[in-house]
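Student: I'd like a close look at one part of this protein, the open sheet. Could you walk me through how its strands are arranged and what surrounds a residue inside it?

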Amino acid sequence: MQNRVGELINLDVSNNNGLVTNTEVKANLNRGYQKVVNRIASLGQDFYVRLSKADLSKDQHLYGLPSDFRRMMRVELDYGGGRFKASRVDSNAYGDPVSTNISETAPQYSVRGKNIEVNPVPRVDVDSGLWLWYVENVNDLVDDEDEPNLPFEFSDLPIEYAVAKAKARQGLMDEAQLSLSEFYRELEEMTNALVNTISDDPEQVVIRDYF
């Protein structure tokens, strides 16, 4: 993707010897990429939702979260009698007393740092007893051939952002502003497309001709 940016600004960005450096292009590609990822993640849709399963161990209440964990969506626990949706609790919530009588059919969980705490504590080992759906945290783009984890038709958005920043570095402020406007316009277009694509009842325009 770095080479594509160079083609669009008509400069060699394969090294750090020019006005627009390879390091700078990589940084701006990832800045643009994360802006798009943050927008998608904020929509509450399922694009970055992943499912992770773990075994429950007897008398163990803390379990590590996936390394790419960003935000929890849903947790289900199976203590041997079937899976049940767990409710998230905040141990620091005002007026929320600590309950020691939690049913296996109405389990609870808390996120503590990089761990999830489940209640009640398992009394036996259960294979795949912990099911959690979470929003993943995507990795930065490193190599030129790396492809962003974005909807295919909007995969060039990081390039649009990096081109805008590169043109600003060149002193082409009008072109930089135009490229940045294009980036944000396509960002809004992607937002609307995702919301309508994933929605059970997407917005529709019906045109009828009467003769």
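**A close look at the open sheet**

Tutor: Happy to! Keep in mind that this is a predicted model; the protein has a mean pLDDT of 88, with 88% of its residues at 70 or more. Among its elements, mean pLDDT is lowest in helix α4 (residues 173-198), at 90, and highest in strand β4 (residues 83-85), at 96. One stretch to treat with care is residues 201-211, where pLDDT stays under 50 and the model has two contacts beyond four places in sequence.

Now to the sheet itself. Its four strands follow the order β2-β7-β6-β5, and the pairing is mixed. At the edges sit β2 (62-64) and β5 (87-88), each of which pairs on one side only. As general background, strands of a sheet pair through backbone hydrogen bonds, in either a parallel or an antiparallel way. Here, β5 and strand β6 (residues 108-112) run parallel and are joined by two bridges. If you want to find this pairing on screen, start from S87, whose bridge partner in β6 is Q108.

From there, move to strand β7 (residues 115-119), which contains E117. E117 has a relative accessible area of 13%, so it counts as buried, the cut-off being under 20%. Its side chain makes a polar contact with the side chain of R112, at 2.4 Å. Leaving aside residues up to four places away in sequence, E117 touches H61, L62, Q108, Y109, S110 and R112. Q108 therefore appears twice in this picture: as the bridge partner of S87, and among the residues that E117 touches, with contact meaning heavy atoms within 4.5 Å.

Technical notes: Residues numbered from 1 in each chain as written. Predicted model: local features only at pLDDT ≥ 70, side-chain atom pairs only at ≥ 80, totals over all residues. Heavy atoms only, no water. pLDDT = per-residue confidence, 0-100. Pairing = 2+ DSSP bridges. Buried < 20%, exposed > 50% of the residue type's maximum accessible area, 1.4 Å probe, protein only. Polar contact = N/O pair within 3.5 Å; in protein donor to acceptor, adjacent residues only side chain to side chain.
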